[in-house]
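Here are a few notes to read alongside the structure. I hope they help you find your way around when you open the model.

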Amino acid sequence: MPRGKTAGKASGKSARQLLFSEALRQQKHSSTADSSPPPHAIMSEDAQGVSMDRILQEISAVGRKLEGMDNAMVALTAETRSMLLEIAGFQSQISGLDHRVAAVESQVALQTDRDQELFHLRSKLTNLEDRRRRNNIRFLGFPEGIKGTDILSYLRDTLPKLTDIAFDPPLEFQRAHRLGLKRQNGKDRPRPIIACFLRHGQARQLLQTSRMQGPLRLGSLEIRLSADFSKETADRRRAFLSLRPRLRHLDVKFGLFEPARMWITKNGESRTFYDPEDLKTFQEGLHDPKQSMESATQPPQTYRTKPGEWANRKPLRTPMEDQSQTIKPGAETWRD
């Protein structure tokens, strides 16, 4: 090959290598310039150390706070667990109290039933006692020492004369005696005499005659007769009698019948009361003269459940059932 052509090819190759090297240099310079931070972002080593210390301190503070929160969470968990245990204990106590309350309620219900049953039995016992006493009559006013100690003979001879009743058959008594201790002083009021008649009809006849004629007269002495009742019945009759002044003030007609019930009439309407408290409540509702008896408190129709109160039983006989009966206090007799 000719030398001129060889030299031209070498010089052309060198030029291309130079151009390629320059391009590489420029590219490297360009990439280095782009990756380097700007002058204002370049920090010194001291500044970088301070910033790192601050970051570590903040991390330490956050760690301490997290540790404190962990401790608080542990304490809160323990307290919550303790509260749950206390709540479980309270629930157990409440459950026990519920059982105890249920037991007490059952006992109260049972006691109420027993009280009611006891009251029924007491009412029946009182009724039986009153019926056993219905042949008895109490005489008030006979002086002490009459005809020695033979009271039966004295009553058998004296009562027909005092009442002007010809008893047929003659009066007969089961027993008779004075009540209480013997009077030591002759000026004291004589003791009452209680006599048990053999025939109930004769005792009722004497009581009705005494009510119609008033007290019997034995010379200058005044002899009073009264039926014999149990203590409970006598207390209720006494309570009814204490309400009579108020009934008279209210212009209410009334009558006390055996054993212990008050019959009243106002404005043509009649009512029967078996408990003095019911009658007292009725009186309190009669302040207005225009008030109707239907608007007043009605008496209960069943036995009372409170011990000591009288059972409101159906009356044995009302005044309207016997049109021939005269309405006078205590004029009604029992019916078997």
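1. A word on contacts to begin with: two residues are in contact when they have heavy atoms within 4.5 Å of each other. With that in hand, look at the protein chain as a whole. Among its contacts between residues at least 6 apart in sequence, 61% join residues at least 24 apart. Please keep in mind throughout that this is a predicted model.

2. Next, the overall inventory. The protein chain has seven helices and eight strands. It counts 336 residues, and 28% of them are buried. About 23,200 Å² of the chain is exposed, with carbon and sulfur atoms supplying 56% of that area.

3. Helix α5 is a good place to zoom in. This helix covers residues 231-242, which makes 12 residues. From first C-alpha to last, α5 reaches 17 Å, close to the 16 Å expected at 1.5 Å a residue. Which residues of α5 are buried? They are Thr 233, Arg 236, Arg 237 and Phe 240. These four sit on the same side of α5, because they cover an arc of only 100° around the axis. On the face turned away from that buried side you will find the exposed residues Lys 231, Arg 238 and Ser 242.

4. Just ahead of that helix, have a look at Asp 228. This residue lies in the loop between β5 (221-227) and α5. Is Asp 228 buried or exposed? Its relative accessibility is 3%, so Asp 228 counts as buried, the cut-off for that label being under 20%. The Asp 228 side chain makes polar contacts with two other side chains: that of Asn 136, at 3.1 Å, and that of Arg 138, at 2.9 Å. Setting aside residues up to four places away in sequence, Asp 228 touches Arg 133, Asn 136, Arg 138 and Ile 194.

5. A second loop residue deserves a similar look. Arg 191 is found between β2 (173-178) and β3 (193-197). Arg 191 counts as buried because its relative accessibility is 11%. Which side chain does the side chain of Arg 191 meet in a polar contact? The partner is Glu 144, at 3.0 Å. Apart from neighbours within four places in sequence, the contacts of Arg 191 include Phe 142 and Glu 144. Arg 178, Leu 179, Gly 180, Leu 181, Lys 182 and Arg 183 are also in contact with Arg 191.

6. Now for the aromatic rings. A pair of such rings is described by how far apart the centres are and by the angle of the planes. The structure holds five aromatic pairs. In one of them, the rings of Phe 139 and Phe 142 have centres 5.9 Å apart and planes at 55°, so this pair is tilted. Both Phe 139 and Phe 142 are buried. Phe 257 and Trp 263 form another pair, this one edge-to-face, with 6.4 Å centre to centre and 75° between the planes. Phe 257 counts as buried because its relative accessibility is 0%, and Trp 263 is buried too, at 9%.

7. One last item on the rings. Which residues form one aromatic cluster? Phe 139 and Phe 142 are joined there by Tyr 154. Phe 142 thus links two of these points: it belongs to that cluster and is also in contact with Arg 191.

Notes: Residues numbered from 1 in each chain as written. Predicted model: local features only at pLDDT ≥ 70, side-chain atom pairs only at ≥ 80, totals over all residues. Heavy atoms only, no water. Helix = DSSP H or I, 4+ residues; strand = E, 2+ residues; numbered from the N terminus. Expected span 1.5 Å × (residues − 1). Buried < 20%, exposed > 50% of the residue type's maximum accessible area, 1.4 Å probe, protein only. Arc of directions from axis to C-beta. Polar contact = N/O pair within 3.5 Å; in protein donor to acceptor, adjacent residues only side chain to side chain. Areas by Shrake-Rupley, 256 points an atom, 1.4 Å probe, with all protein chains shown as cover. Phe/Tyr/Trp six-rings, centres within 6.5 Å; stacked < 30°, edge-to-face > 60°.
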